Amino acid sequence: MLIVVLVVAGIALYLFVKRKNEQAAPPVPVDPFADKDTDALRGDPRGLKAGDIVDIFNETFTVRGSLRLKEGGYQWSEHLLDNAKGTRKWLSVEEDPELELVLWTETPGIPAPGGDELEHDGKRFRLEESGTARYIGEATTGLTPTGTVAYHDYVAEDGTRLSFEDFGDSGKKEAAIGQVVYRSAIMIYPQSPS
């Protein structure tokens with residue numbers, strides 16, 4: 001009889017511990033729309049770093065450096081791209097919640113930001129967001145290693161982006177036109193382990 005009581009007590013203890021462990025480790029939420037196959041085949045832009053090779057619209061660039069930006073609880077990255085012809089562009093990588101890639105080309109002669117709308121090159125842009133973020137630079141960016149950036153982001157009806165960035169301490173102010181880049185238009189060749 002004592003053996004039966006010990007076996008039943010052991011089974012009860014085992015079930016209690018098992019149930020406790022299952023409750024202690026809730027499942028990690030997974031985005032049901034995440035496209036893991038695309039990242040596996042084309043590279044994951046969220047992991048870009050200096051030295052990586054990026055093909056965008058059949059043009060090859062090298063990542064010269066990156067900015068890791070943070071404003072409140074929101075984070076994103078901007079990567080300085082350079083090609084053999086000396087063309088430099090920035091690629092922004094954001095998740096809000098969908099992955100958004102924008103290829104930026106510095107554009108002189110754009111009127112200073114101000115107001116809810118502005119016009120440039122025959123397009124009307126409306127203010128989408130503005131704020132101030134902190135950044136940490138990696139490798140070559142042409143900016144101080146850390147600092148702040150005040151930004152104003154505008155968008156046109158056709159999706160064209162317009163951005164103004166003022167990097168304060170580094171003294172750099174820049175206006176750029178941005179083009180949304182779809183995952184199918186970009187291929188990443190990492191050059192070193194993460």
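Colleague: Where in the structure is the place of F57?

Modeller: The model shown here is a predicted one, and that should be kept in mind throughout. Strand β1 covers residues 53-56, and F57 comes in the stretch that leads on from β1 towards β2, so that neither strand includes it. The place of F57 is therefore the loop between β1 and β2.

Colleague: Does F57 count as buried, partly exposed or exposed, and which value decides this?

Modeller: The phi of F57 is positive, near 50°, although F57 is a residue other than glycine. For its accessibility, buried would require under 20% and exposed over 50%, with partly exposed in between. Because the relative accessibility of F57 falls between these limits, F57 counts as partly exposed, at 40%.

Colleague: Which loop holds D121, and does D121 count as buried or exposed?

Modeller: D121 is another residue that is not a glycine and has a positive phi, of about 55°. The loop that holds D121 is the one between β6 (117-120) and β7. Since its relative accessibility of 70% is over the 50% limit, D121 counts as exposed.

Colleague: Which two residues does a cis peptide bond join, with omega about -15°?

Modeller: The place to look is the loop between β4 (88-95) and β5, where P97 lies. The peptide bond that leads into this proline is cis, with omega about -15°, and the two residues it joins are D96 and P97.

Colleague: How many helices and strands are in the protein?

Modeller: Read along the sequence, the pattern begins with α-α and continues with β elements through to its end. Of the contacts with a separation of 6 or more, 50% are between residues 24 or more positions apart. The count of elements is 2 helices and 11 strands.

Colleague: What share of the 194 residues counts as buried?

Modeller: The protein exposes about 12200 Å², and carbon and sulfur atoms supply 55% of that area. Residues count as buried when their relative accessible area is under 20%. Of the 194 residues, the share that counts as buried is 34%.

Colleague: Which residues have the most contacts inside the largest nonpolar core?

Modeller: In soluble globular proteins, nonpolar side chains tend to be buried together. Here the largest such core has 14 residues, and β2 (59-71), β3, β5 (99-106), β7 (123-139) and β8 (146-156) each supply at least two of them. Another core, of 13 residues, lies apart from it, with V54, F61, I186 and I188 among its members. Inside the largest core, the residues with the most contacts are L67, L69, A133, Y135 and F167.

Colleague: With which side chain does that of H79 make a polar contact of 2.6 Å?

Modeller: H79 is in strand β3, which covers residues 74-82, and because its relative accessibility is 0%, H79 counts as buried. Leaving aside neighbours within four places in sequence, H79 is in contact with residues including P45, L48, S66, W90 and V93. Of these, the one whose side chain is joined to that of H79 by a polar contact of 2.6 Å is S66.

Colleague: Why is the pair of Y154 and F164 described as it is, and what is it called?

Modeller: A pair of aromatic rings is described by the distance of the centres and the angle of the planes. Y154 is in strand β8 and F164 in strand β9 (residues 161-166), and both residues are buried. Their ring centres are 6.0 Å apart and their planes lie at 85°, which is over the 60-degree limit, so the pair is edge-to-face.

Colleague: Which residues do ring pairs link into a cluster?

Modeller: The structure holds 4 aromatic pairs, and one of them, formed by Y74 and W76, is tilted, with 5.4 Å centre to centre and 35° between the planes. Y74 is partly exposed, with a relative accessible area of 23%, whereas W76 is buried, at 10%. The cluster that ring pairs link together consists of Y74, W76 and Y151.

Colleague: With the side chain of which residue does the side chain of T144 make a polar contact?

Modeller: T144 is found in the loop between β7 and β8 and is partly exposed, with a relative accessible area of 25%. Its side chain reaches the backbone oxygen of T146 at 2.9 Å. Beyond four places in sequence, T144 is in contact with Y135 and S170. The side chain that makes a polar contact with that of T144, at 2.7 Å, belongs to Y135.

Technical notes:
Residues are numbered from 1 along each chain as its sequence is written. This is a predicted model: local features need pLDDT of at least 70, side-chain atom pairs count only at pLDDT 80 or more; totals for chains, interfaces and linings use all residues. Side-chain values use heavy atoms; hydrogens and water are left out. Helices (H or I, at least four residues) and strands (E, at least two) are DSSP runs, numbered from the N terminus. Buried means under 20% relative accessible area, exposed over 50%, partly exposed in between (1.4 Å probe, protein chains only). A polar contact is a pair of N or O atoms within 3.5 Å; within protein, one must be able to donate a hydrogen and the other to accept it, and residues adjacent in sequence count only if both atoms are side-chain atoms. Contact means heavy atoms within 4.5 Å. A nonpolar core is a set of buried Ala, Val, Leu, Ile, Met, Phe, Trp, Tyr and Cys residues joined through side-chain atoms within 4.5 Å. Rings of Phe, Tyr and Trp (its six-membered ring) pair if their centres lie within 6.5 Å; planes under 30 degrees apart count as stacked, over 60 as edge-to-face and the rest as tilted. Accessible areas come from the Shrake-Rupley method with a 1.4 Å probe; for residues, only the protein chains shown count as cover.
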